[in-house]
Amino acid sequence: MNLVEQIIARAKSNKQRIVLPEATEERTLRAADRVLAEDIADIILIGNPDEIHSLAKEWGLEHIDKATLIDPENSPKSEEYAELLTELRKKKGMTIEKARELVKNPLYLGCMIIKTNGADGQISGALSTTGDTLRPALQIIKCSPGITCVSGAMLLITKQPQYGENGILVVGDVAVTPMPDAAQLSQIAVCTAQTAKSVAGFADPRVAMLSFSTKGSASHEVVDKVVEATRLAKELAPDLKVDGELQADAALVPSVGAKKAPGSDIAGKANVLVFPNLEVGNIGYKMVQRLGDAEALGPILQGIARPVNDLSRGCSVDDIYKMVAITACQAMDAK
């Protein structure tokens, strides 16, 4: 099986409850139908049930009846959710009146369902901005213990099996935090390694903290940040296999790693790459994707206590289908 098939198989093995709050959007509903047809996850659709059924009939979708449908305007738990949201946000000035309006917003409602253990993860973004997707997640579900920043990982499936894990690399951050400090960068390292385990199925994540320097070959404050982040990552996750600072070739190529970082357990063997900032990460993965003809899956949001993932507004049905399986794999590990 290829990586996508492995992810789908893992999702099927322990079905999770995934919320799709943009349920009347065509690509989302078509993806939900495919997920339900293949029994990959239990789907919760937020939207007007009559409209959802009408659209499913119009588009010839035969499996939507297997989903749980929740009308945001008439949820029987609206008042319960409003009271909880008021309590969660009271220090920020939340009133019960404002909370009652917010829980009618499908993105907020989905996060409230997750918060009260009625679902395991959520995916939106086909219609919504990244900010709209993240805001309720951070306000309601919040970050994982010990984590203060959200980041985005990408799975890179290359045609170079000698690198990473048979050609597969997990890289971060490529989507969220522009200029992480050392503490944030250490958290990104830990979270990206966890994504490598829960989503890519890596039994042994080996994390390289990337820089333009390898083990003191250059001196600069941005190198110092990576060195400090490596130290902090080891404190945050003592069992994590992580080393830095390493140049990309020293991290990936055994002969270069042996020359530039002798004695390192990671150099030349890395399967998880942590970029020093978002600019480098975003440029780097897109160059590998386009020039190296690699498949890129993601970004996969990480650092939130329960998985909430963001889609591109240009996403395809297949993108949403795959993200449901990815989110399900993350949810298994978050419990």
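The expected span of a helix is 1.5 Å times one less than its number of residues. Keep that in mind for helix α2 in this predicted model. With 13 residues (26-38), α2 reaches 19 Å from its first C-alpha to its last, close to the 18 Å expected.

Let's stay with α2 for a moment. Which of its residues are buried? They are Arg27, Thr28, Leu29, Ala31, Ala32, Asp33, Val35 and Leu36. These buried residues pack against two strands, β1 (17-20) and β2 (42-46), and against the helices α3 (49-58) and α13 (317-334). Just past the end of α2 comes aspartate 39, with a positive phi of about 60°.

Now for some helix pairs. Two packed helices are described by the angle between their axes and the distance between the axes. Helix α6 (residues 106-115) is a good one to follow, starting with α7 (residues 130-141): their axes come within 9 Å and cross at roughly 35°. The crossing is right-handed. On the α6 side, the contact includes Leu107, Tyr108 and Cys111, while α7 brings in residues including Asp132, Arg135 and Ile140. By class, this contact has 9 nonpolar, 2 polar and 3 charged residues.

How does α6 sit against helix α4 (residues 78-88), and at what angle? Here the axes are 11 Å apart and the angle is about 85°, so α4 and α6 are roughly perpendicular to each other. Tyr81, Leu84, Leu85 and Leu88 of α4 meet Tyr108, Leu109, Met112, Ile113 and Lys115 of α6. That contact divides into 8 nonpolar residues, no polar ones and 1 charged.

The backbone has a few details to look for, too. Two residues in loops have positive phi values without being glycine, as the table shows.

| Residue | Phi | Loop | Relative accessible area |
|---|---|---|---|
| Asparagine 117 | near 65° | between α6 and β4 (121-124) | 51%, exposed |
| Lysine 215 | near 50° | between β7 (206-210) and α9 (221-236) | 42%, partly exposed |

There are cis peptide bonds as well. One runs from glycine 244 to glutamate 245, with omega near 5°, and glutamate 245 is in strand β8 (residues 241-246). Another joins glycine 298 to proline 299, again with omega near 5°; proline 299 lies in strand β10 (residues 295-302).

Finally, take a look at isoleucine 157 in strand β5 (residues 151-157). Its C-alpha is 6.4 Å from that of alanine 296, although the two residues are 139 residues apart along the chain. Beyond its neighbours within four places in sequence, isoleucine 157 is in contact with Leu3, Gly167, Ile168, Ala294, Glu295 and Leu297.

Methods:
Residues are numbered from 1 along each chain as its sequence is written. This is a predicted model: local features need pLDDT of at least 70, side-chain atom pairs count only at pLDDT 80 or more; totals for chains, interfaces and linings use all residues. Side-chain values use heavy atoms; hydrogens and water are left out. Axes are lines fitted to C-alpha atoms, for helices over the stretch in contact, and angles run from 0 to 180 degrees between N-to-C directions. Helices (H or I, at least four residues) and strands (E, at least two) are DSSP runs, numbered from the N terminus. A crossing is left-handed if the near helix is turned anticlockwise from the far one by less than a right angle, and right-handed if clockwise. Contact means heavy atoms within 4.5 Å. Ala, Val, Leu, Ile, Met, Phe, Trp, Tyr, Cys and Pro count as nonpolar, Asp, Glu, Lys and Arg as charged, and the others, Gly among them, as polar. Buried means under 20% relative accessible area, exposed over 50%, partly exposed in between (1.4 Å probe, protein chains only). Angles under 35 degrees count as roughly parallel, over 145 as roughly antiparallel, 65 to 115 as roughly perpendicular and the rest as oblique.
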